[in-house]
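Colleague: I am new to this structure and would love a friendly close look at a single part of it. Could you walk me through it?

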Amino acid sequence: MTQFVSMSYIAKNYFNKTKSWLSQRINGHDVNGRQAQFTPEEIDTLNKAFSDLSQKLGAFRISL
C-alpha cells in the first residue's frame with residue numbers, strides 16, 4: 001500500500017497526524033514500550049479514507 005498511496009497525505013488529511021504516527025500503527029512498531037495500534041474509530045477513519053481516495057482516483061480522467 002505505501003508504495004502507491006501517500007502516507008503523509010492520509011495522515012495529515014484524515015487524522016491530522018504525522019506520517020510517522022500512521023506508519024507506526026500500520027507496521028505495529030513499539031511506541032513507549034507498547035505496540036502501536038489503531039483504535040476502532042481510527043480503523044473506521046482509515047477505511048473511509050481508502051474509500052474516499054478510491055472514489056477520487058476512479059473519477060480521474062485524462063482527455064486529449
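Which two helices does the loop with asparagine 16 lie between?

Modeller: Happy to help! Please keep in mind that this is a predicted model. Asparagine 16 lies in the loop between helix H1, residues 7-15, and helix H2, residues 19-27. Its backbone deserves a look: the phi angle of asparagine 16 is near 55 degrees, which is a positive value in a residue other than glycine. For background, most residues other than glycine have a negative phi. As for its surroundings, asparagine 16 has a relative accessibility of 65%, and because anything over 50% is called exposed, this residue counts as exposed.

Now let us place that loop in the whole chain. The protein chain holds 3 helices and 2 strands, and from the N terminus on the order of these elements is α-α-β-β-α. The radius of gyration is 14 Å, well over the 11 Å that the globule rule gives for 64 residues, so the chain is more spread out than a compact globule. Along the principal axes, the C-alpha atoms fill a box of roughly 55 × 20 × 20 Å. Buried residues make up 23% of the 64 residues, and the accessible surface comes to about 5,200 Å², with 50% of it belonging to carbon and sulfur atoms.

Further along there is another asparagine to set beside yours. Asparagine 32 is found in the loop between strand S1, residues 30-31, and strand S2, residues 34-35. Asparagine 32 also has a phi near 55 degrees, again a positive value in a residue other than glycine. With a relative accessible area of 77%, asparagine 32 is exposed.

For a view away from the loops, turn to helix H3, which covers residues 40-59 and is the place of serine 51. Serine 51 has a relative accessible area of 39%, so this residue is partly exposed. Threonine 39 is 12 residues away from serine 51 along the chain, and the C-alpha atoms of the two are separated by 18 Å.

Two points about the chain as a whole round off the tour. Among contacts between residues at least 6 apart in sequence, 38% join residues at least 24 apart. Finally, the chain has 8 positive and 5 negative side chains, and the centres of these two sets lie 8 Å apart.

Terms used: Residues are numbered from 1 along each chain as its sequence is written. This is a predicted model: local features need pLDDT of at least 70, side-chain atom pairs count only at pLDDT 80 or more; totals for chains, interfaces and linings use all residues. Side-chain values use heavy atoms; hydrogens and water are left out. Helices (H or I, at least four residues) and strands (E, at least two) are DSSP runs, numbered from the N terminus. The radius of gyration is taken over C-alpha atoms; the globule rule is 2.2 Å times the number of residues to the power 0.38. Buried means under 20% relative accessible area, exposed over 50%, partly exposed in between (1.4 Å probe, protein chains only). Contact means heavy atoms within 4.5 Å. Accessible areas come from the Shrake-Rupley method with a 1.4 Å probe; for residues, only the protein chains shown count as cover. Lys and Arg count as positive and Asp and Glu as negative; His and the chain ends are not counted. The place of a charge is taken as NZ of Lys, CZ of Arg, CG of Asp or CD of Glu.
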